[in-house]
Amino acid sequence: MADLIEQTTDESAGGTRAGNRALSVMDRVREAILGGAVSAGERLNEVQLSKTLSVSRTPVRAALQALAGEGLLDYAPNRGFTVREFPLPAIVDAYDIRAALEGVAVRFAAERGLGDQEKEIIERALAAGDKLLERGSFEAGDLTIYRDINGDFHDALLAAAGNRMLSEMIRICHHVPVSSTRHIVVFEYHDVRRRHDDHHRIFEAVVAREPWRAEMLMREHVASIKTSLVGYLSERKKDHPGEGQPARLA
């Protein structure tokens with residue numbers, strides 16, 4: 001765990017209040033879980049985390065309690081906090097719900113029109129993806145780059161929808177590991193190429209103010225990721241029959 005979460009700035013540098021420190025710790029641990037860097041069932045040690053993040057145990061404990069409240073961690077007396085295990089059906093359900101909700105989000109975005117800021121973010125994400133993919137293959141570090149591209153695209157469309165309740169519901173789906181837009185399932189060139197082309201088509205439909213077409217394209221986009229996930233896990237199970245843990249996907 002210590003090697004998977006970046007070192008935060010020293011507490012003494014900013015005089016940050018305990019509540020803000022807890023939020024920072026919570027964000028870092030959540031990212032590690034949702035990104036697949038921390039395995040389901042893994043115990044999170046307060047002392048180790050406090051040393052890794054250069055904070056006291058108080059904000060660490062507050063962060064772990066908050067993440068347990070979000071459903072990402074389980075707590076047991078005398079054992080502490082462990083990363084919650086999500087079976088494959090639960091992950092698949094999260095994708096199905098995401099497909100429906102994000103479809104509604106892009107329909108709203110197409111009906112209301114993109115703001116200048118959202119449009120700029122999406123155009124920048126599409127251009128960055130085009131540049132990354134023009135080589136025809138991937139190199140070390142490209143997964144991290146595309147993870148941000150993908151997240152920016154989806155986040156900007158959700159912001160353009162302008163619906164707080166919808167945002168909260170999608171956020172809950174993202175709390176199921178492997179289902180977040182910041183987690184890239186099956187990082188093979190042809191898979192990412194297809195998904196990035198989907199992004200272009202979705203954007204074109206939104207800009208053209210075609211809400212129902214945009215919704216259909218987004219639903220199909222998220223559903224295709226779910227299909228890739230199920231296929232990946234099925235193959236992995238054949239190659240590693242003893243593994244029952246789908247937390248580390250890339």
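In the predicted model, Thr52 is placed in helix H3, which spans residues 46-52. With a relative accessible area of 8%, Thr52 is buried, because this value falls under the 20% limit. The side chain of Thr52 reaches back to the backbone oxygen of Gln48, at a distance of 2.9 Å.

At the level of the whole chain, 10 helices and 3 strands are assigned, and these elements succeed one another along the sequence in the pattern α-α-β-α-α-β-β-α-α-α-α-α-α. Of the 250 residues in the chain, 46% are buried. Where contacts between residues at least 6 apart in sequence are considered, 77% of them join residues at least 24 apart. The accessible surface of the chain amounts to about 12600 Å², and 51% of this surface belongs to carbon and sulfur atoms.

The strands form an open sheet of 3 members in the order E1-E3-E2, with antiparallel pairing. Strand E1 (43-44) and strand E2 are the edge strands, each of them pairing on one side only. Strand E2, covering residues 73-76, is joined by 4 bridges to strand E3, covering residues 80-83, and the two run antiparallel. Within this pairing, Asp74 stands opposite Thr82 in E3. E2 and E3 together form a hairpin in which 3 residues lie between the strands, and Asn78, located in the turn, has a positive phi of about 70°. The pairing of E1 with E3 is likewise antiparallel and extends over 2 bridges, with Leu44 standing opposite Phe81 in E3.

Aromatic rings were also examined, and the count comes to 2 aromatic pairs. In one of these, the rings of Tyr75 and Phe81 have their centres 4.9 Å apart and their planes at 50°, so the pair is classed as tilted. The two partners differ in their exposure, since Tyr75 counts as exposed at 54% relative accessibility, whereas Phe81 counts as buried at 6%. Phe138 and Tyr189 also form a tilted aromatic pair, with 5.5 Å from centre to centre and 50° between the planes. This pair links distant parts of the chain, as Phe138 lies in the loop between H6 and H7 and Tyr189 lies in helix H9, 51 residues apart. Phe138 is partly exposed, with a relative accessible area of 22%, and Tyr189 also counts as partly exposed, at 24% relative accessibility.

Turning to the nonpolar interior, the largest nonpolar core contains 33 residues, and those with the most contacts inside it are Phe153, Leu157, Ile202 and Val206. Two or more residues are given to this core by each of helix H5 (88-112), helix H6 (116-133), helix H7 (142-161), helix H9 (189-207) and helix H10 (211-239). The largest share, 7 residues, comes from H5. When neighbours within four places in sequence are left aside, Leu157 is in contact with Ala105, Val106, Ala109, Leu114, Ile122, Ile202, Val206 and Met218. A second core, separate from the one just described, comprises 18 residues, among them Val29, Ala32, Val55 and Leu72.

A charged residue is also found in the interior. Arg98 lies in helix H5, the helix that contributes the largest share of the 33-residue core. At 2% relative accessibility, Arg98 counts as buried, because this value is under the 20% limit. The side chains of Arg98 and Glu102 are joined by a polar contact of 2.6 Å. With residues up to four places away in sequence not counted, Arg98 touches Gly103, His154, Cys173, His174, Ser179, Ser180, Thr181 and Val222.

Terms used:
Residues are numbered from 1 along each chain as its sequence is written. This is a predicted model: local features need pLDDT of at least 70, side-chain atom pairs count only at pLDDT 80 or more; totals for chains, interfaces and linings use all residues. Side-chain values use heavy atoms; hydrogens and water are left out. Buried means under 20% relative accessible area, exposed over 50%, partly exposed in between (1.4 Å probe, protein chains only). A polar contact is a pair of N or O atoms within 3.5 Å; within protein, one must be able to donate a hydrogen and the other to accept it, and residues adjacent in sequence count only if both atoms are side-chain atoms. A nonpolar core is a set of buried Ala, Val, Leu, Ile, Met, Phe, Trp, Tyr and Cys residues joined through side-chain atoms within 4.5 Å. Contact means heavy atoms within 4.5 Å. Two strands pair if DSSP finds at least two bridges between them. Accessible areas come from the Shrake-Rupley method with a 1.4 Å probe; for residues, only the protein chains shown count as cover. Rings of Phe, Tyr and Trp (its six-membered ring) pair if their centres lie within 6.5 Å; planes under 30 degrees apart count as stacked, over 60 as edge-to-face and the rest as tilted.
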